[in-house]
Each structure stands twice: as C-alpha cells, then as structure tokens.
Amino acid sequence: MKISKLIIVIALFAMQFGLAQEKADVVLNKALTQAKTENKNVLLVFHASWCGWCKLMEKNMNLPTTKPLFYKSYVTAYVDVQERGEKKKLENPGGQELMNKYKGETAGLPFWLMLSPKGEVLADSFDDKGENIGSPASKEEVASFLENLRKPPI
C-alpha cells in the first residue's frame, strides 16, 4: 500500500513538473534562434488569459488578411504574465521580469516588442506619447503598428 501511494505521489509530481510553463528567457531564445535561421524578426507578445485586448490582438493577427504579414517576416512568441488566482500557473517564470526589462512594468497588456534576430529592440508598443497601444485599434495606431512591422531584420 505504501509503495502504491509513493508511486502516485511521484507520478503527480512528474505530471506537475511536465506541465510547468517554459521560462520566459527560454521562449525568447527559441524565437531568436528560429528568427536567425529564417531571417525574420521576432514579435514578442506579453499577454494573459483574462485580457480581452490580448485576445482581440491575437484574433486580428490570425485573420486571413493579416496572418501572412506576420508569418512572412516574424517569429511570434507569447509570454504569459500577470495571471490571477488559479491561472497563475499559466505564467512563464521570469515573464514579468523580462517585461520589466523592456520598460513594460506599467504598460498594461498586451505589451509587445519587435526584436531583430540579434535581440535588438526595433520597436515596442509605446506610441509617441509613451502610451501603450498594445492592441492597435485606432487608424493611427494600426498605421504605426504596420510601419513597425515592415522593418527588415538587422
């Protein structure tokens, strides 16, 4: 009986460990490696499961008219941050710290960065006024976002 309980505890621990989210720096490094190989930039998006604007941005990025724009020039990577309650386990460890490193600590979500394959910041989701446009909605925000998307890999 004791052995079966021990096996169950080990199995549960292994399952929990296997379901853990990747560290944020691992997510970023994988995207940078892929970007170098494919001669693309990286679109790094910080988001959360509860964030309506995050869901809207992802939906808009996957539309038939926009998806080819992203796929052609970007490796898109997502880092989950700022989750609440039970969903906290969805966060990528180190995600908030990575977001803070790029001055996103007070930006809100989604917060995104466009990075060269070398990891250099080409653009972020702050507009000229220093406000996070996260999920571009107005005509001006969309135009600014599209202008940034067209930046070639460095």
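A salt bridge is counted here where a side-chain nitrogen of Lys or Arg lies within 4 Å of a carboxyl oxygen of Asp or Glu, and a search of the whole structure with that rule finds three of them. The structure is a predicted model, in which local features need pLDDT of at least 70 and side-chain atom pairs count only at pLDDT 80 or more, whereas totals for chains, interfaces and linings use all residues. Residues are numbered from 1 along each chain as its sequence is written, and side-chain values use heavy atoms, with hydrogens and water left out.

A good place to begin is helix α2, residues 24-38; helices (H or I, at least four residues) and strands (E, at least two) are DSSP runs numbered from the N terminus. This helix has 15 residues and reaches 21 Å from its first C-alpha to its last, close to the 21 Å expected at 1.5 Å a residue, where the expected span is 1.5 Å times one less than the number of residues. Its buried residues, buried meaning under 20% relative accessible area, exposed over 50% and partly exposed in between (1.4 Å probe, protein chains only), are Ala24, Val27, Leu28, Ala31, Leu32 and Ala35. Seen down the axis of α2, these residues fall within an arc of 130°, so they line one face of the helix; the arc is that of the directions from the helix axis to the C-beta atoms. An α-helix has 3.6 residues a turn, so residues three or four places apart point the same way. On the other side of α2, Lys36 and Thr37 are exposed, and just after the helix asparagine 39 takes a positive phi of about 55°.

The buried residues of α2 pack against β1 (41-47), β2 (74-80), α5 (95-101) and β3 (111-115), contact meaning heavy atoms within 4.5 Å. This leads to the nonpolar cores, each a set of buried Ala, Val, Leu, Ile, Met, Phe, Trp, Tyr and Cys residues joined through side-chain atoms within 4.5 Å. The largest has 24 residues, and those with the most contacts inside it are Leu44, Phe46 and Leu109. While α2, β1, β2, α5 and β3 each supply at least two residues of this core, the largest share, six residues, comes from α2. Apart from this core lies another, of 13 residues, among them Met57, Met61, Met114 and Ala123.

Leucine 109 touches, among others more than four places away in sequence, Cys51 and Cys54. A disulfide, a pair of cysteine sulfur atoms within 2.5 Å, joins cysteine 51 to cysteine 54, with an S to S distance of 2.4 Å. The torsion about their S-S bond is about 80°, so the disulfide is right-handed, and both cysteine 51 and cysteine 54 are buried.

Returning to the charged pairs, glutamate 22, partly exposed at 34% relative accessibility, forms a salt bridge with lysine 30, the closest N and O atoms being 2.4 Å apart. The side chains of lysine 40 and glutamate 38 also meet in a salt bridge (3.2 Å, N to O); here lysine 40 counts as buried at 9% relative accessibility, whereas glutamate 38 is partly exposed at 37%. Glutamate 91 and lysine 88 form a salt bridge as well (3.1 Å, N to O), with lysine 88 partly exposed at 45% relative accessibility.

A last stop is serine 116, in the loop between β3 and β4 (121-124). Serine 116 is buried, with a relative accessible area of 0%, and, leaving aside neighbours within four places in sequence, is in contact with Leu32, Asn41, Leu122 and Ile154.
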